[in-house]
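Biologist: Could you take me through one part of this model up close? I'd like to hear about the salt bridges and where their partners sit.

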Amino acid sequence: MSYVDGFLLAVPKANLDAYKKMAQMAGIVWKEHGALAYVECIGDDVPYGEVTSFPRAVQAKDDEIVVFSWVVYESRESRDAVMAKVMADPRLNGDLSTMPFDAKRMIFGGFQPFMEL
């Protein structure tokens, strides 16, 4: 069964084009190193909840948009190998302070699917 990395972050609307450019390169790199799929989504219907929500989770400000993305791999072992190559790829070695979003508020993690239809 496959393995999935998920990411949730807030991107300033003014930086959306820069984020899309960075995401395009990231997708190319992930796929070249063995990811099966790479998906980036801009929040379209993500209401601010009373207790919890996507915007609350990343402390999104009024001038930011929530981005949800995921990468699919063949397995956890494949993910670990792909991730090591991605992290070593010079095309993605950037200074976190120059990212088009606040990386400190990004939520990410690896998930083992229990059902695939």
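**A close look at the salt bridges**

Modeller: Sure! Keep in mind that this is a predicted model. Searching the whole structure turns up 7 salt bridges. Let's start with E64 and R105, whose closest N and O atoms are 2.7 Å apart. E64 belongs to strand β3 (residues 64-73), while R105 sits in the loop between α3 (76-88) and β4, so this pair ties together parts that are 41 residues apart in sequence. Are these two buried or exposed? E64 has a relative accessible area of 10%, so it is buried. R105 counts as buried too, because its relative accessibility is 11%, and the cut-off for buried is under 20%.

Next up is D80 with R79, another salt bridge, with the closest N and O atoms 3.1 Å apart. Here R79 is buried at 15% relative accessibility, whereas D80 is partly exposed at 35%. These two don't stand alone: D5, R76, R79 and D80 are linked in a network of salt bridges.

Then there's D89, whose side chain meets that of R91 in a salt bridge at 2.8 Å, N to O. D89 is buried, with just 7% relative accessibility, but R91 is partly exposed at 38%.

For a change from charges, look at the surface patch made by F114, M115 and L117: these are nonpolar, and together they have about 500 Å² of accessible area. M115 lies in the segment after β4 (107-111). Its relative accessible area is 54%, so M115 counts as exposed.

Notes. Residues numbered from 1 in each chain as written. Predicted model: local features only at pLDDT ≥ 70, side-chain atom pairs only at ≥ 80, totals over all residues. Heavy atoms only, no water. Patch = residues over 30% accessible without salt bridge, like charges linked within 9 Å, V, L, I, M, F, W, Y side chains within 5 Å. Areas by Shrake-Rupley, 256 points an atom, 1.4 Å probe, with all protein chains shown as cover. Salt bridge = Lys/Arg side-chain N within 4 Å of Asp/Glu carboxyl O. Helix = DSSP H or I, 4+ residues; strand = E, 2+ residues; numbered from the N terminus. Buried < 20%, exposed > 50% of the residue type's maximum accessible area, 1.4 Å probe, protein only.
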